[in-house]
Each structure stands twice: as C-alpha cells, then as structure tokens.
Amino acid sequence: MTVLVIGGSGFLGTELVRQATAAERETVATFCSRPGRLPGVSWRRLDLRAPGDVDEVLGAVAPRVVVNATSGQGDWAVTADGAIRVAVAAARRGCRLVHVSSDAVFSGARVHYDEGCPPDPVTPYGAAKAAAESAVRLLLPDAVVARTSLIIGDGGSVHERLVHTVAAGERGGVLFTDEVRCPVHVRDLAAALWELAASERAGVCHLGGADALSRHELGVLIARRDGLDPDRLAAGRRADSALPGALDVRLDGRATRRRLRTRLRGAREFLRSR
C-alpha cells in the first residue's frame with residue numbers, strides 16, 4: 001500500500017514519514033522548498049498553489065492513502081485552496097484522505113469543543129482551515145478531518161524553540177497565561193493519524209493532548225525539561241494585548257479516544273523533567 005504524505009518535510013510530516021517507513025509502508029512525501037532527510041522515502045516537489053500540480057502528483061504516485069499535513073499558516077492559497085485541490089484529486093482517484101486541521105477553527109467562546117461543534121473562527125488562518133474542512137467533508141464524506149492543537153516534540157517544534165530563545169534572552173516578549181490549548185506530542189499525533197487512516201472512521205476527530213495548559217504553563221514545563229530557568233519566561237495576558245485570536249480553546253476528544261488504541265498523553269506527562 002502506497003501512502004502519500006503532503007507536507008512531509010514539515011514538523012508533523014517528518015514524524016508521519018518516519019513512522020510510515022518504520023512500518024515498511026511504501027512512502028512518498030511532498031515538499032515545497034526542500035526535501036526532508038529521512039531515508040526510505042521518495043520525495044516529490046509540490047506547490048499546492050499551482051493548479052494541476054496536485055493531480056499530477058497523485059496520478060504519478062497512485063497512493064491508497066493521502067495524509068495532508070500541511071499548515072500554510074496565513075496563506076489562504078495553501079491552507080484553503082490547496083487543501084481543496086487535494087480533496088478534489090483524492091476524490092477523483094478514490095484515495096483515503098486524512099486531512100489535518102486545527103483548533104484555530106474555534107473562537108474560544110464556549111471553551112470546550114467536541115467533534116460536533118461547528119467552526120466559528122476569528123482569524124484568517126482559522127477561517128482558511130474551516131473552509132478546507134467544509135470542502136473535504138463535502139467532497140469526501142468518508143475522509144477523516146483531524147483537528148489538533150499545539151504540536152510539541154523533543155525540542156524541534158516552533159513552540160519549544162520560542163521558549164528557548166526567550167529563556168536565553170535572545171528575544172523579548174511574554175508567554176500568555178490566559179491563552180489555553182491542549183498540547184499534543186508529535187509522536188502520539190502521528191500514530192493516531194496513521195491509526196485513523198487504517199480504520200473506517202469518517203468525519204471530524206479531535207486529537208488534542210489530555211492536559212489543558214496556558215502558553216506560560218507550557219513554557220515552564222518545556223524550560224524545566226530542558227534545564228532552563230523558567231523564571232526567565234515573562235508572563236502576560238493576551239487579553240491585554242492587541243493580538244487577534246482565541247483565548248481558551250479546549251478540544252474535547254473523548255469520543256475519538258474511545259475508538260483509538262493510541263494514547264494521546266498530556267503535556268504534564270510527556271514534558272516531565274529529564
């Protein structure tokens with residue numbers, strides 16, 4: 001069975017590729033600027049903004065499963081339009097699609113969000129992710145839309161690098177005490193995505209970690225694990241800033257977790273001091 005990881009050179013994509021090759025799946029992964037360095041995988045360049053590129057890649061690879069792990073950040077052409085192109089091509093070729101989405105589709109107005117809650121985004125990125133979700137679910141009713149939260153690893157995530165630079169005094173800024181998410185470890189998330197890909201599950205799944213933490217609480221845990229001084233992490237309130245975005249968003253994934261063998265650990269567990 002050939003699997004295709006779109007965005008395979010990114011943080012989540014790299015772990016998806018690592019696990020797929022370790023399981024001896026025939027693995028193809030895409031990149032936009034430069035390929036990843038993992039062995040045992042075939043790399044293909046793909047620009048999701050370019051009409052026709054997605055269909056060309058899927059036609060050449062003929063995957064049974066496609067996992068779209070791209071982020072795109074604030075680029076609507078990648079995050080929304082690109083994801084829709086992937087869904088159209090996957091539907092045309094009868095591929096199993098797992099689309100990775102985000103808790104950014106929620107405003108935080110109700111704090112706790114289960115899989116049945118409709119998106120109500122308050123940022124352009126959240127709106128793009130919500131638009132992609134709607135297209136995927138319309139074009140491929142059998143697809144999985146997997147919403148996740150802050151993705152943490154063993155030092156390589158953007159969130160961990162931020163904590164390191166702030167603790168080292170290389171940049172200023174504060175970590176917010178009122179912005180709450182459910183961080184998940186990249187290994188747990190990738191394993192859950194592959195489990196869902198191999199199942200018959202369809203629709204929205206929530207894949208957040210078991211603990212709800214503020215950005216500052218998360219930063220303190222990262223600092224302690226990595227031997228940094230947590231007292232160097234200044235605390236502040238997002239509500240007192242001019243930054244847009246949701247405050248408290250907690251993914252309720254109990255319905256999903258009941259159907260998974262993979263355990264999505266909480267950050268208090270996977271960030272224990274070494």
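Author: Contact here means heavy atoms within 4.5 Å. The model is predicted, so local features require pLDDT of at least 70 and side-chain atom pairs pLDDT 80 or more, whereas totals for chains, interfaces and linings use all residues. Residues are numbered from 1 along each chain as its sequence is written, and side-chain values use heavy atoms, without hydrogens or water.

Reader: Which element supplies the largest share of the largest nonpolar core?

Author: This core (buried Ala, Val, Leu, Ile, Met, Phe, Trp, Tyr and Cys joined through side-chain atoms within 4.5 Å; buried is under 20% relative accessible area, exposed over 50%, partly exposed in between, with a 1.4 Å probe and protein chains only) has 31 residues, and those with the most contacts inside it include Leu189, Leu193 and Trp194. Among the elements that each supply at least two of its residues are helix 1 (11–22), strand 4 (65–68) and helix 6 (186–197); helices (H or I, at least four residues) and strands (E, at least two) are DSSP runs numbered from the N terminus. The largest share, 8 residues, comes from helix 6.

Reader: With neighbours within four places in sequence left aside, which residues does valine 67 contact?

Author: Val67 is one of the residues with the most contacts inside the 31-residue core. With those neighbours left aside, its partners are Leu4, Val5, Ile6, Leu16, Val98, Val100 and Trp194.

Reader: How many residues form the second, separate core?

Author: Leu4, Val28, Leu58 and Ala143 are among its members. The count for this core is 22.

Reader: How many of the residues of helix 7 are buried?

Author: Those buried in helix 7 include His216, Leu218, Gly219 and Arg225. The buried residues pack against elements including helix 5 (158–167), strand 13 (213–214) and helix 9 (267–270). Helix 7 (residues 215–225) is largely enclosed by the rest of the structure because, of its 11 residues, the number buried is 8.

Reader: Is leucine 138 buried or exposed?

Author: Leucine 138 lies in helix 4 (residues 124–139). Together with Val88 and Leu139, Leu138 makes a nonpolar surface patch of about 270 Å². With a relative accessible area of 70%, leucine 138 is exposed.

Reader: How many disulfides are there?

Author: A disulfide is a pair of cysteine sulfur atoms within 2.5 Å. The count by this rule is 0. For cysteine 117, the nearest cysteine sulfur is that of cysteine 182, 13 Å away. Cysteine 117 is buried at 5% relative accessible area and cysteine 182 at 4%, while the number of disulfides is 0.

Methods: Patches are made of residues with over 30% relative accessible area and no salt bridge: like charges are joined within 9 Å, nonpolar side chains (Val, Leu, Ile, Met, Phe, Trp, Tyr) within 5 Å. Accessible areas come from the Shrake-Rupley method with a 1.4 Å probe; for residues, only the protein chains shown count as cover. A salt bridge is a side-chain nitrogen of Lys or Arg within 4 Å of a carboxyl oxygen of Asp or Glu.
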